[in-house]
Each structure stands twice: as structure tokens, then as C-alpha cells.
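Q: Please take one helix and look at it closely. I would like to know how its sides differ and what lies around it.

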Amino acid sequence: DTPVSVKVGANITLSEPLYPATGWTVLAHPNGKLDYQNQTYPNLFWEGAGIGIYNSHVGEGFVVPQDKLVSTLLTQLQQLGLNHQESVDFMDFWESKLPITPYVRLTWLNTSDMNQLAPLQVSPSPDTVIRLFLEFEGLVKPISLKPQKLSAPQRSGFTLVEWGGLLRK
């Protein structure tokens, strides 16, 4: 068990548990559960706008037909380093929000991009950091994109995983 302090560089509009101005201080257990103010949480959740630079990857990503969208996302989440439970959590949150258009553009921001957009201050420092952000958009017809190279760091020791997304309308 390790006490962990987490501060998010973002203007947070929604969080669970409530995000205090000083950031969260939780007790992290080896199984991933987090204790905060006498309650146990599976994760820390926040929504808001990062205070940094949004690295748009215009012209990069993947165009996926609707019938292959879920299977493609599950494959890509694995390629990006999420484990089974993290992928399930991602899909539980996002699947109902996915566009129902014939095609969907998937563009991933990685840890480096997220560190610029919404820097985290975590103490003690994690041994491994995986931060993912999916920008997706419904398309009526396919467009040409430069495919992104998806990779994941080797997990070792104290691992921080964060995922999020943005639906472009």
C-alpha cells in the first residue's frame, strides 16, 4: 500500500471523488483499488479541459467501418498497453457514446501528448505511465489518413494508467 498524491493540470468540471484544489491524496493498493476519505474507488475520474497544448494529429489515425469499430478499439487498447480490465472500463464508458455512422475516425494521443495537454503531478513518481486519449469522429464515407504507430511501454512496478477521449461532432 502506498500513499499517492495526484494533481491534474486541467480545469476540472466533473470528478469522482470530488477533486479538491490541492489534488487527491489516496492510498493505492497493489490490486489497483484506491482509498480516499474512508471510501474505496476503482479509479479517479475527471472531466475538463487541459491547461496545456492540444497536439492535434490531423491527418493521422484510422478509419474504421462501423461493423469493425468495437473489435478494432479492443485490439488498439491492447496495443496501447491497457490490460483486460482497463479495456473493459474504457469500453463501458465509451461504447454507448460512439458514433453510429458508417465509418469512424480514431486518432490517439499518447502519454507525451497528454503530458503537454493536462500535465500530472504524481508523488511518488510511477515507474510506468500509460496515458491515452482517443479523438473520434463519425464519418459518412471513408477518408485517407496516415496510420498511427501504436505501442505501449513495458509495465514495471507502480503503474499509472489514464484514458480519456473526445467525440468530434
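A: This answer follows one helix, α2, and then its surroundings. The model is predicted, so to speak of a local feature takes pLDDT of at least 70 and a side-chain atom pair takes 80 or more, while totals for chains, interfaces and linings use all residues. Residues are numbered from 1 along each chain as its sequence is written, and side-chain values use heavy atoms, without hydrogens and water.

Start with the inward side. In α2, Glu 86, Ser 87, Phe 90, Met 91 and Trp 94 are buried (under 20% relative accessible area; exposed means over 50%, partly exposed in between). These residues sit on the same side of α2, because their arc around the axis is only 135 degrees (taken from the directions from the helix axis to the C-beta atoms). An α-helix has 3.6 residues a turn, so residues three or four places apart point the same way. Now turn to the other side of α2: His 84 and Asp 92 are exposed there.

What lies over the buried residues of α2? The cover includes α1 (69–79), β8, β10 and β11 (contact means heavy atoms within 4.5 Å). Helices (H or I, at least four residues) and strands (E, at least two) are DSSP runs, numbered from the N terminus.

Next, the N-terminal end of α2. Asn 83 caps it. A side-chain oxygen of Asn 83 lies 3.1 Å from the backbone nitrogen of Gln 85.

The neighbour α1 has a buried side too. Its buried residues are Leu 69, Thr 72, Leu 73, Gln 76 and Leu 77. They line one face of α1, because they fall within an arc of 135 degrees seen down the axis. Among the elements that cover them are β7 (62–65), α2, β8 and β10. Just after α1, Gly 81 takes a positive phi of about 110 degrees.

Last comes the largest pocket, with a volume of about 1600 Å³. On a 1 Å grid over the protein atoms alone, a pocket is an open set of points where a 1.4 Å probe fits, with protein on both sides within 12 Å along at least five of seven lines; lining residues have an atom within 4 Å of a point. Volume is the space filled by probe spheres set on the points. The elements that give two or more residues to this lining include α2 (84–94), β10 (128–139) and β11 (159–168). The largest share comes from β11, with eight residues. Of the 48 lining residues, Pro 42, Asn 43, Leu 44, Val 161 and Glu 162 are the closest to the centre of the largest pocket.

How values were computed
Buried means under 20% relative accessible area, exposed over 50%, partly exposed in between (1.4 Å probe, protein chains only). A polar contact is a pair of N or O atoms within 3.5 Å; within protein, one must be able to donate a hydrogen and the other to accept it, and residues adjacent in sequence count only if both atoms are side-chain atoms.
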